[in-house]
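User: Please take one position in this model and look at it closely, from its own exposure out to the parts around it. One connected account will do.

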Amino acid sequence: MSEIHVGNVIMNFASVMKHYWGDAHPIILLADNLHQHQTLNTLKLSAENGIQLQFLTPNSSHFLQPLDENHFVILKKELEQTYDQLEG
């Protein structure tokens with residue numbers, strides 16, 4: 001995801017939030033630790049649009065997105081079986 005794309009997402013997010021809630025409520029956006037989310041331009045654009053970025057703790061997505069974990073369990077099992085077949 002490019003920094004330009006992240007900027008577009010921030011602008012669209014701010015527009016939608018302000019449409020529904022106006023300026024009466026703070027806008028908090030949770031983001032992972034992707035480099036493009038933490039650039040000076042991204043932080044500046046967020047602040048200019050009244051968005052407070054909060055970054056997730058690194059390597060915490062499996063705790064916060066438990067449904068994703070099933071996919072990784074299946075993938076790991078398949079990779080292990082494939083590896084065993086190649087080694088055998």
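Analyst: **Close look at one position**

Leu 53 counts as buried because its relative accessible area is 15%; buried means under 20%, exposed over 50% and partly exposed in between, with a 1.4 Å probe and protein chains only. The model is predicted, so local features need pLDDT of at least 70 and side-chain atom pairs count only at pLDDT 80 or more, while totals for chains, interfaces and linings use all residues. Residues are numbered from 1 along each chain as its sequence is written, and side-chain values use heavy atoms, without hydrogens and water.

Leu 53 sits in strand 2 (helices, H or I of at least four residues, and strands, E of at least two, are DSSP runs numbered from the N terminus). With neighbours within four places in sequence set aside, the contacts of Leu 53 are Leu 29, Ala 31, His 37, Thr 42, Leu 43 and Ser 46 (heavy atoms within 4.5 Å). Asp 32 is 21 residues from Leu 53 in sequence, and their C-alpha atoms are 9.9 Å apart.

Two of these contacts, Leu 29 and Ala 31, point with Ile 27 to one face of strand 1 and are buried. Ile 28 and Leu 30 point to the other face and are not buried, so the side chains alternate along strand 1. Strand 1 runs parallel to strand 2, and the two pair over 5 bridges (pairing requires at least two DSSP bridges). One such link joins Ile 27 to its bridge partner in strand 2, Ile 51.

Leu 53 also belongs to the largest nonpolar core, which has 9 residues: Val 6, Ile 10, Ala 14, Met 17, Ile 27, Leu 29, Ala 31, Ile 51 and Leu 53. Such a core is a set of buried Ala, Val, Leu, Ile, Met, Phe, Trp, Tyr and Cys residues joined through side-chain atoms within 4.5 Å. Helix 1, strand 1 (27–31) and strand 2 (51–55) each give two or more residues to this core. Helix 1 supplies the largest share, 4 residues. In soluble globular proteins, nonpolar side chains tend to be buried together.

Ser 46, another contact of Leu 53, is in helix 2, which spans residues 40–48. The relative accessible area of Ser 46 is 2%, so Ser 46 is buried. Beyond four places in sequence, Ser 46 touches Ile 10, Ile 51 and Leu 53. Ile 10, Ile 51 and Leu 53 are members of the core described above.

Exposed positions give the contrast. Tyr 20 lies in helix 1, residues 3–21, and counts as exposed because its relative accessibility is 58%. Asp 23, in the loop between helix 1 and strand 1, is exposed at 70% relative accessibility. The C-alpha atom of Asp 23 is 8.5 Å from that of Gly 50, although 27 residues separate the two along the chain.

For the wider setting, the chain has 4 helices and 2 strands, in the order α-β-α-β-α-α along the sequence. Of its 88 residues, 18% count as buried, Leu 53 and Ser 46 being among the buried ones. Among contacts between residues at least 6 apart in sequence, 56% join residues at least 24 apart.
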